[in-house]
Amino acid sequence: MLSSTRRLLPSASSLASNNCNIASRATSMMFSRGMTILSSESKEEFKKENYNARMAKTRRPVSPHVTIYSFPICALASITTRVTGCALSFGAAGLGALELIGGNGTALSLMSDIGNSGLVLSSGAKFAVAFPIVYHYFGGLRHLVWDNAPDMLTNVDVEKTSYGLIGASVLVSGVALVV
């Protein structure tokens with residue numbers, strides 16, 4: 001039984017030679033790649049230049065360049081959901097702070113003043129409040145449906161619901177201008 005165990009375990013000399021082979025392969029792979037090795041002077045010079053200056057010298061745009069990259073509608077819908085959630089949070093915090101600082105009824109009187117300030121300003125204010133609420137609510141409903149029906153999470157369906165989410169939110173928020 002002891003002799004069979006010895007045959008299964010490698011000897012220390014074979015382990016050492018395997019490790020040397022692995023190390024020599026790694027070293028040869030490292031030097032066979034086309035790497036630029038910086039000297040201490042060029043390293044300091046490299047540190048002095050910022051990224052934009054280096055890219056200007058190469059005359060290549062930053063990848064992906066902002067002017068040529070267009071976000072897919074799904075990404076824009078996701079970003080808008082997050083932005084409207086932040087806007088709702090800051091709006092609620094602002095109204096709460098206004099009530100705490102100005103006293104009871106301050107937020108109500110501010111809203112009445114905005115509502116009585118003219119059609120353009122009051123309509124813009126209504127849309128600015130209604131759109132984040134409606135969009136974020138509809139976005140939440142969309143995610144609720146996706147959570148309960150994951151088979152609807154195909155690329156085509158996500159794109160369709162993104163367009164539907166934006167269109168329905170603009171439509172319902174536009175109706176809020178009349179009310």
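Hi everyone, this is a short tour of one helix, α5, and of how far to trust the model around it.

A quick word on the ground rules: this is a predicted model, where local features need pLDDT of at least 70, side-chain atom pairs count only at pLDDT 80 or more, and totals for chains, interfaces and linings use all residues. Residues are numbered from 1 along each chain as its sequence is written, and side-chain values use heavy atoms, with hydrogens and water left out.

Let's start with confidence. The mean pLDDT (the predictor's confidence in each residue, from 0 to 100) is 80 for the protein, and 74% of its residues reach 70 or more. Helix α1, residues 2–8, has the lowest confidence, with a mean of 47, while α5 has the highest, at 94. Residues 1–8 fall below 50, and that stretch makes 0 contacts beyond near neighbours in sequence; a contact means heavy atoms within 4.5 Å. Where pLDDT is low, please don't read the predicted coordinates in detail.

Now to α5 itself. Helices here are DSSP runs (H or I, at least four residues), numbered from the N terminus. With 30 residues, 73–102, α5 should span 44 Å at 1.5 Å a residue, and its end C-alpha atoms sit 42 Å apart, which agrees. Just after the helix, G103 adopts a positive phi of about 100°.

So which residues of α5 are buried? They are I73, A77, T81, T84 and G85, where buried means under 20% relative accessible area with a 1.4 Å probe, protein chains only. Their cover includes α7 (119–148) and α8 (155–178).

Take T81: its relative accessibility is 16%, so T81 counts as buried. Leaving out residues up to four places away in sequence, T81 touches Y135, H136 and L165. Thanks, everyone!

Note on methods: Helix = DSSP H or I, 4+ residues; strand = E, 2+ residues; numbered from the N terminus. Expected span 1.5 Å × (residues − 1). Buried < 20%, exposed > 50% of the residue type's maximum accessible area, 1.4 Å probe, protein only.
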